[in-house]
Amino acid sequence: MISKQKIIDRFTSYVTVDTESDPESNTTPSTKKQWNLANALVEELKEIGMEDVSIDENAYIMATLPSNIDREVPVIGFISHFDTSPDFTGANVKPQIIEKYDGNDILLNKEQNIVLSPKEFEDLLMYKGQTLITTDGTTLLGADDKAGIAEIISAMEYLIDHPEIKHGKIRVGFTPDEEIGRGAHKFDVKKFGADWAYTMDGSQVGELEYENFNAAGAVVKVQGKIVHPGYAKGKMINSMYLATEFLNSLPRLETPEHTEGREGFFHLNSIEGTVDSTKLQYIIRDHDKTHFEARKEVMRKLADELNSQYEKELFTVDIKDQYYNMREKIEPVMHIVDIAEEAMKMAGIKPLIKPIRGGTDGSQLSYMGLPCPNIFAGGHNFHGRYEYVPVESMQKAIEVIVNIAKLTAKKEV
Ligand SMILES: [Zn+2]
């Protein structure tokens, strides 16, 4: 296997480059600085001996590891993203290496007394004795998803160095802007040319995901009427009171803080209001397509009811679908999940299959014609100062990629 030190060096070289994405930007990539890592990755892919290495005008990177067998077998792909979340700063990341983790509190930052503790994050205890990479408490780490990139490149390098391992054609894809929901938007599925792919973008070792939310965003506008408060009787309509009527009519227990597993929700993201008008921004989530559609209908009906109650068009609801549950696209090709499961078992990992309470680039790609389940990259506590990744989990992810390559080589087209 690839040495721990090599993985640490590779991963560190990525996370120390700031690639935070920006939802306010309209360009691709959303931030210019993402080019810095993107260009370096292109060079690295060439250096390790990948072929057809390309980067397009939007910084989407693709590369090929050619087949080393005579038979035709399916072309598979591995995908991850090089941007980091705008939720927390990704500038000046100073990774710290904790060797042989002893299961106690980790002092991330002495000056600011920032501690990563198993009392708060009990997952840490699974990694006793292992090598952890943490932040210095002032930034995120960027294991999401630079761990995925390090794993994919390491696995390709391993396969290049071990030609005795037989595999078909493998495609690699690295994207910008996943964290702002646009990683798949400009992904050229045709150019990628894989029969299916895996995003290496999950968390804990063993995670394997092919179900995610159906997602929509809803904007509810409430129109009031502003009149001088001294002369308002019978005339003023205070949109903020009407807005609370709307939000109180939705089921209070069907919200993120009261749901788990496959339970869906309405999530009120923001309220902005004056007497004259109020805007409520919601997200709607549900794994089940029928329930998802019903939730959208509930909001529209509620607006209609309130409008007829007030005998005025005061409420408008504008709903836009954001992404869909990939399960629908994966179920007809379940063997691609079976291969990943088998690849994990070969590496001595117990697969943890669970529905994602969110979306992945893979869900969008699946609807663009590239079925794309999600596999663990190994990190924990994404998007914040407590993010960490065990190097042993990254080694396991590399092994899983290599095993998937081996297993696919036994498949017929
Ligand atoms: Zn990610």
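In which kind of crossing, right-handed or left-handed, does α3 pass α10? The crossing is right-handed. This report covers a predicted model, and the helix pair comes up again below.

## Domains

The domain assignment splits the protein in two. Domain 1 is made of two segments, 4–211 and 326–408. Domain 2 covers 214–323.

The C-alpha centres of domain 1 and domain 2 are 37 Å apart. Five residues of domain 1 and five residues of domain 2 make up the contact. On the domain 1 side, the residues that touch domain 2 divide into one nonpolar, three polar and one charged.

## The eight-stranded sheet

Eight strands build an open sheet with mixed pairing. Their order is β1-β2-β8-β3-β9-β16-β10-β15. β1 (51–55) and β15 (352–353) are the edge strands, and each of them pairs on one side only.

Inside this sheet, β9 (residues 196–202) runs parallel to β16 (residues 374–376). Three bridges join β9 and β16. T199 stands opposite N374 of β16. Two helices that pack on the sheet are worth tracing. Helix α2 (residues 34–47) touches β1, β2 (61–65) and β8 (170–175), and its direction makes about 175° with that of β1. Helix α8 (residues 335–346) touches β9, β10 (207–209) and β16. The direction of α8 makes about 175° with that of β10.

## The four-stranded sheet

A second open sheet has four strands, in the order β12-β13-β11-β14. Here the pairing is antiparallel. β12 (265–273) and β14 (315–323) each have a single partner strand, so one side of each has no neighbour in the sheet. From one strand to the next, the twist averages 15°.

How many bridges join β11 to β14? There are eight, and β11 (residues 214–223) runs antiparallel to β14. One residue pair to look up is A216 with its bridge partner D321, which lies in β14.

Helices α5 and α6 both belong in this picture. Helix α5 (residues 239–249) lies across β11, β12, β13 (277–286) and β14. It runs at about 15° to β13. Helix α6 (residues 289–310) packs on the sheet and touches β11, β12, β13 and β14. The direction of α6 makes about 165° with that of β14.

## Helices α3 and α10

Two packed helices are described by the angle between their axes and the distance between the axes. For α3 (residues 143–161) and α10 (residues 391–408), the angle is about 50° and the axes are 9 Å apart. That angle makes α3 oblique to α10. The crossing, as said at the start, is right-handed.

Which residues meet in this contact? From α3 come A147, A150, E151, I152, S154, A155, Y158 and L159. From α10 come M394, A397, I398, I401, V402 and A405. By class, the contact has 12 nonpolar residues, one polar and one charged.

## Backbone details

Two cis peptide bonds can be checked in the model. One joins T28 and P29, with omega at about -5°. P29 sits in the loop between α1 (4–15) and α2. Another runs from D144 to D145, with omega near 10°. D145 lies in helix α3, the helix that packs with α10.

A59 has a positive phi of about 75°, although it is not a glycine. Where is A59 placed? It is in the loop between β1 and β2.

Key:
Residues are numbered from 1 along each chain as its sequence is written. This is a predicted model: local features need pLDDT of at least 70, side-chain atom pairs count only at pLDDT 80 or more; totals for chains, interfaces and linings use all residues. Two strands pair if DSSP finds at least two bridges between them. Axes are lines fitted to C-alpha atoms, for helices over the stretch in contact, and angles run from 0 to 180 degrees between N-to-C directions. Two residues are in contact if their C-beta atoms, placed from the backbone, lie within 7 Å. Angles under 35 degrees count as roughly parallel, over 145 as roughly antiparallel, 65 to 115 as roughly perpendicular and the rest as oblique. A crossing is left-handed if the near helix is turned anticlockwise from the far one by less than a right angle, and right-handed if clockwise. Ala, Val, Leu, Ile, Met, Phe, Trp, Tyr, Cys and Pro count as nonpolar, Asp, Glu, Lys and Arg as charged, and the others, Gly among them, as polar. Domain bounds come from an automatic or database domain assignment.
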